[in-house]
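Reader: I should like to learn how one reads a protein model. May we go through it by question and answer?

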Amino acid sequence: MIASMAAMAPSSSSSSSSAFTFLRHKPQFHAHAAARRSSSALLPRRRRNLVLLRCSLDATKQAVQELPAADGAVACADCFGVFCTTYDLKDEETRSWKKLVNIAVSGAAGMISNHLLFKLASGEVFGPDQPIALKLLGSENSFQALEGVAMELEDSLYPLLREVSIGIDPYEVFQDVDWALLIGAKPRGPGMERADLLDINGQIFAQQGKALNAVASRNVKVLVVGNPCNTNALICLKNAPDIPAKNFHALTRLDENRSKCQLALKAGVFYDRISNMTIWGNHSATQVPDFLNARIDGKPVKEVIKDTKWLEEEFTKTVQKRGGVLIQKWGRSSAASTAVSIADAIKSLVTPTPEGDWFSSGVYTSGNPYGIAEDIVFSMPCRSKGDGDYELVEDVMIDEFLWGRIKKSEDELLAEKRCVGHLIGNEDDEFCDVTEDTMLPGEK
């Protein structure tokens, strides 16, 4: 085993057969200039206090070597039992592996992440030949919990998980990331108005957008989960002008999955028979589960489910209230199914969409073919070639009933946008008139 103190993390471009590394960003506080990557590249890299654990099967490396430590660092020579002697893989086992993918996860000590991280590490999401590095972002209060999460990941012995780093500074954690999964957000407290939540969480996502803009990969894909996720995604992308707006997503996949479940139950079929399911609009009580374009066994839903009243009234309400009912049943929110939906959302972008099908994601509306207002983040039907990018689906039907509901969700998102003008550079147009409580049950 080699345990060494390092002032900087090893490059992510190292061979996929290199030993697993565990980097611990010690809690520090810095005043960061919102400098762009182009200018920051000219400056020397700031020294970071890290603890690096590296394990290898090579018998010549089974010794402890102490390197000069960065100021303030604490020596650490611990390794986790069997992990140290079994984790490193032989070259022939990793020869077909792809280039390492760096994935940042905020709110990494929370319940959603606790389910998600192990899916990512197992290869279920990015594939059995895709090594990954997990960069976990938390807070000063959650730092010990982050260490516990990293220990569990180590103990799980995932061959594809080549590196884990933890920290509280997004400018360090987001360095060179290819994917940013922004889960962490402040929950809504007693008596807190929706407008207050928009401002408080908006400030978090404005900061994270600036950090991504400064240090992340120029083609980073960003998935915003923390609520209100549509407007948080808009704030994030507006604070990251050097990253394509198309790369930002708000999670509406759980709403899509719940909608598929309800249609399957009503039709008496298994959920894999449901396709072409769209969630339009905001991740809120104004969301629009689209039964007009959805299909069951390749047939339009309305040809299979004849109960129009159920489709127009009960279906949407059931989807919206699902999270609240779940909390009533077992006293906690839907962390596991949310994690599954995040994994599904990513897989839909890295796997080609089946012919004729599509998926839902909250994306930037500029240039959309439906007539939805520009410059907001709105859930719409998407297709992907599996390259991380997507295109909007044009061959959809929109009748008067569907359009009326879409417009209601659009109005809500435009009102939310006016509330956060100070966070997106529209201070002159700011006027907050969000009064109706449309948070989904279970997300308050």
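The exchange below concerns a predicted model and takes up a cavity, a serine and a sheet in turn.

Reader: Which elements give two or more residues to the lining of the largest cavity?

Author: The largest cavity encloses about 50 Å³ of space. Its lining includes Val288, Pro289 and Asp290 on the one hand, and Phe401, Leu402 and Arg405 on the other. The elements that give two or more residues are therefore strand 12 (288–290) and helix 13 (400–419).

Reader: How many residues of the lining of the largest cavity are charged?

Author: Among the lining residues are Asp290, Asp399 and Arg405. By class, the lining has 6 nonpolar residues and no polar ones. The number of charged residues is 3.

Reader: Is Ser379 buried or exposed?

Author: Ser379 belongs to strand 16 (residues 377–383). Beyond its neighbours within four places in sequence, Ser379 is in contact with several residues, including Asn230, Thr252 and Trp280. Its relative accessible area is 0%, and buried means under 20%, so Ser379 is buried.

Reader: From which residue does the backbone oxygen lie 2.6 Å from a polar atom of the side chain of Ser379?

Author: Among the residues in contact with Ser379 are Ile279, Gly281 and Ser360. The backbone oxygen at 2.6 Å from a polar atom of the Ser379 side chain is that of Ile279.

Reader: Which are the edge strands of the open sheet of 3 strands?

Author: The strands of this sheet stand in the order 10-13-14, with antiparallel pairing. Strand 13 (residues 295–296) is joined to strand 14 by 2 bridges, and Ile296 stands opposite Lys299. An edge strand pairs on one side only, and the edge strands here are strand 10 (274–275) and strand 14 (299–300).

How values were computed: Residues are numbered from 1 along each chain as its sequence is written. This is a predicted model: local features need pLDDT of at least 70, side-chain atom pairs count only at pLDDT 80 or more; totals for chains, interfaces and linings use all residues. Side-chain values use heavy atoms; hydrogens and water are left out. On a 1 Å grid over the protein atoms alone, a cavity is a set of points where a 1.4 Å probe fits but cannot get out, and a pocket is an open set with protein on both sides within 12 Å along at least five of seven lines; lining residues have an atom within 4 Å of a point. Grid points are joined across faces, edges and corners, and a volume is the space filled by probe spheres set on the points. Helices (H or I, at least four residues) and strands (E, at least two) are DSSP runs, numbered from the N terminus. Ala, Val, Leu, Ile, Met, Phe, Trp, Tyr, Cys and Pro count as nonpolar, Asp, Glu, Lys and Arg as charged, and the others, Gly among them, as polar. Buried means under 20% relative accessible area, exposed over 50%, partly exposed in between (1.4 Å probe, protein chains only). A polar contact is a pair of N or O atoms within 3.5 Å; within protein, one must be able to donate a hydrogen and the other to accept it, and residues adjacent in sequence count only if both atoms are side-chain atoms. Contact means heavy atoms within 4.5 Å. Two strands pair if DSSP finds at least two bridges between them.
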